[in-house]
Each structure stands twice: as C-alpha cells, then as structure tokens.
Amino acid sequence: MKKVFLLILLVLSVFTSTCFAKQPVITSDTRTFNPMTGIYELTGNVHVELENHGQPILIEGQHAKVHLYTLEVHADNNISLAFGNMSFLCDRVDVYNSDSTAYVSGNCNFSDSRIKANSDKGSYCWKTKIAVFSGNVKLNGAPVVGDVKYNVETGQIDK
C-alpha cells in the first residue's frame, strides 16, 4: 500500500510541476518516450522548441534526448540552436532550463546581426544575455587570444 501511495504522489508531483510550464514542441522521424523518467529519445530531423518568456529557443539536429520534467535537452549531430536573431551551429548542445544556459561544443559557429564567432566551445545564458566563446576563438574571422564574452543586447565584447 505504501508503494502505491508513493507512486501516486510521484505522478501527481510530476504532473503538477509540468502542467504549469509550457511544454516543448517536439518533432522527429522516430521517438520513444518513457513516462517514468520523462525522457524523449529522438532520432532524425529533430526539432525541439522551448519557450523563454515568450521567445522560442529552437534546437534542430539528428539526435536528442529531451528531459521533459526538467526541460533539459541534450542533442548532437548537425546542431542548429537559435534564439531570436542569433544562432549557433555546432556538433553538440546541452540546454539546462535550471540555469537558463545552453552549452555548445564542437565546431561552434555563432552569428547575430553584429558579429560572427567561431570556437571549439561556447555557451549562452538567456537570463544574462551573455555568450561565451572559448578555444581557438575567431571574431569576424580574426583570431583572438583567450576566452571572449559577448553581450548580445549591447554588442559589447570582453576579451
């Protein structure tokens, strides 16, 4: 009886925590979903759309895991990550809703209306609006020594 009661509490807590958050839009060629873990496994033409204060965060690629209950996305293979007018093209992305940050790695190409940046890895925090680039950084084609922070709202670059 205790196990049934705990299972009901678990299901209710998951239901109430996810029903108040806007659910992501998820499409792919194939997918599986485990309701106990809340994880989608997506393969082929993956498209995941999360919402950030009314602005979509779009993730496209060939493979992804979406943790529905925590709103985490881990994707690889030809990744495109877009926030408004800025985008990353990379090999891998890990998006964590809990710290409002997307971490990208592998052949990272960032662009917005002001700059183009290339690096080995990077991140973008949608709360602070700061993008960070590290490892073999180039800004608008010019090599840069060290890490670079870029404020996408102001256009300010810190080297």
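**Exercise 1. The lining of the largest pocket**

Work out how the residues lining the largest pocket of this predicted model divide into nonpolar, polar and charged.

*Solution.* Start with the total: eleven residues line the largest pocket. Next, sort them by character: five are nonpolar, four are polar and two are charged. Then look towards the middle, where Lys22, Glu51, Asn52, Leu71 and Asn97 lie nearest the centre of the pocket. Now ask which element gives the largest share of the lining: that is strand S3 (residues 39–52), with three residues. Finally, add the volume, which is about 210 Å³ for this pocket.

**Exercise 2. Two residues with positive phi**

Leu71 and Asn136 each have a positive phi; find where each one sits and decide whether it is buried or exposed.

*Solution.* Take Leu71 to begin with. Its phi is about 55°, although Leu71 is not a glycine. Leu71 belongs to the loop between strand S4 (55–67) and strand S5 (72–83). The relative accessible area of Leu71 is 14%, and because buried means under 20%, Leu71 counts as buried. You have met Leu71 before, among the residues nearest the centre of the largest pocket.

Now turn to Asn136. Here phi is near 50°, again in a residue other than glycine. The loop that holds Asn136 runs between strand S9 (130–134) and strand S10 (138–139). Its relative accessibility is 62%, so Asn136 is exposed, the cut-off being over 50%.

**Exercise 3. The partners of strand S9**

Find the strands that are joined to S9 by bridges, and name a pair of facing residues for each.

*Solution.* Begin with strand S8 (residues 116–125): five bridges join S8 to S9, and the two run antiparallel. Within this pairing, Ser123 stands opposite Val132 in S9. Next, see how the chain gets from one to the other: S8 and S9 form a hairpin with four residues between them. In that turn, Lys129 has a positive phi of about 65°. Then move on to strand S12 (residues 148–151), which is joined to S9 by four bridges and is also antiparallel to S9. Here Ala131 stands opposite Tyr150 in S12.

**Exercise 4. The surroundings of His74 and Glu41**

Compare His74 and Glu41: give the strand, the accessibility and the side-chain polar contact of each.

*Solution.* His74 lies in strand S5. With a relative accessibility of 14%, His74 counts as buried. The side chain of His74 makes a polar contact with the side chain of Glu72, at 3.0 Å. Beyond its neighbours within four places in sequence, His74 is in contact with several residues, including His63, Ala64, Lys65 and Tyr96.

Glu41 lies in strand S3. A relative accessible area of 28% makes Glu41 partly exposed. Its side chain makes a polar contact with the side chain of Lys65, at 3.4 Å. Leaving out residues up to four places away in sequence, Glu41 touches Thr30, Arg31, Thr32, His63, Ala64 and Lys65. As a last step, check a distance: Glu41 and His63 are 22 residues apart in sequence, and their C-alpha atoms are 7.8 Å apart in space.

**Exercise 5. The whole chain**

Describe the make-up of the chain and how much of it is buried.

*Solution.* Count the elements: the chain has one helix and 13 strands. Follow their order from the N terminus and the helix comes before the strands. Then take burial: of the 159 residues, 38% count as buried. For contacts with a separation of 6 or more, 29% are between residues 24 or more positions apart.

Notes: Residues numbered from 1 in each chain as written. Predicted model: local features only at pLDDT ≥ 70, side-chain atom pairs only at ≥ 80, totals over all residues. Heavy atoms only, no water. Buried < 20%, exposed > 50% of the residue type's maximum accessible area, 1.4 Å probe, protein only. Pairing = 2+ DSSP bridges. Polar contact = N/O pair within 3.5 Å; in protein donor to acceptor, adjacent residues only side chain to side chain. Contact = heavy atoms within 4.5 Å. 1 Å grid on protein atoms, 1.4 Å probe; cavity = no way out; pocket = protein on both sides within 12 Å on 5 of 7 lines; lining within 4 Å. Points joined across faces, edges and corners; volume = space filled by probe spheres on them. Nonpolar A, V, L, I, M, F, W, Y, C, P; charged D, E, K, R; others polar.
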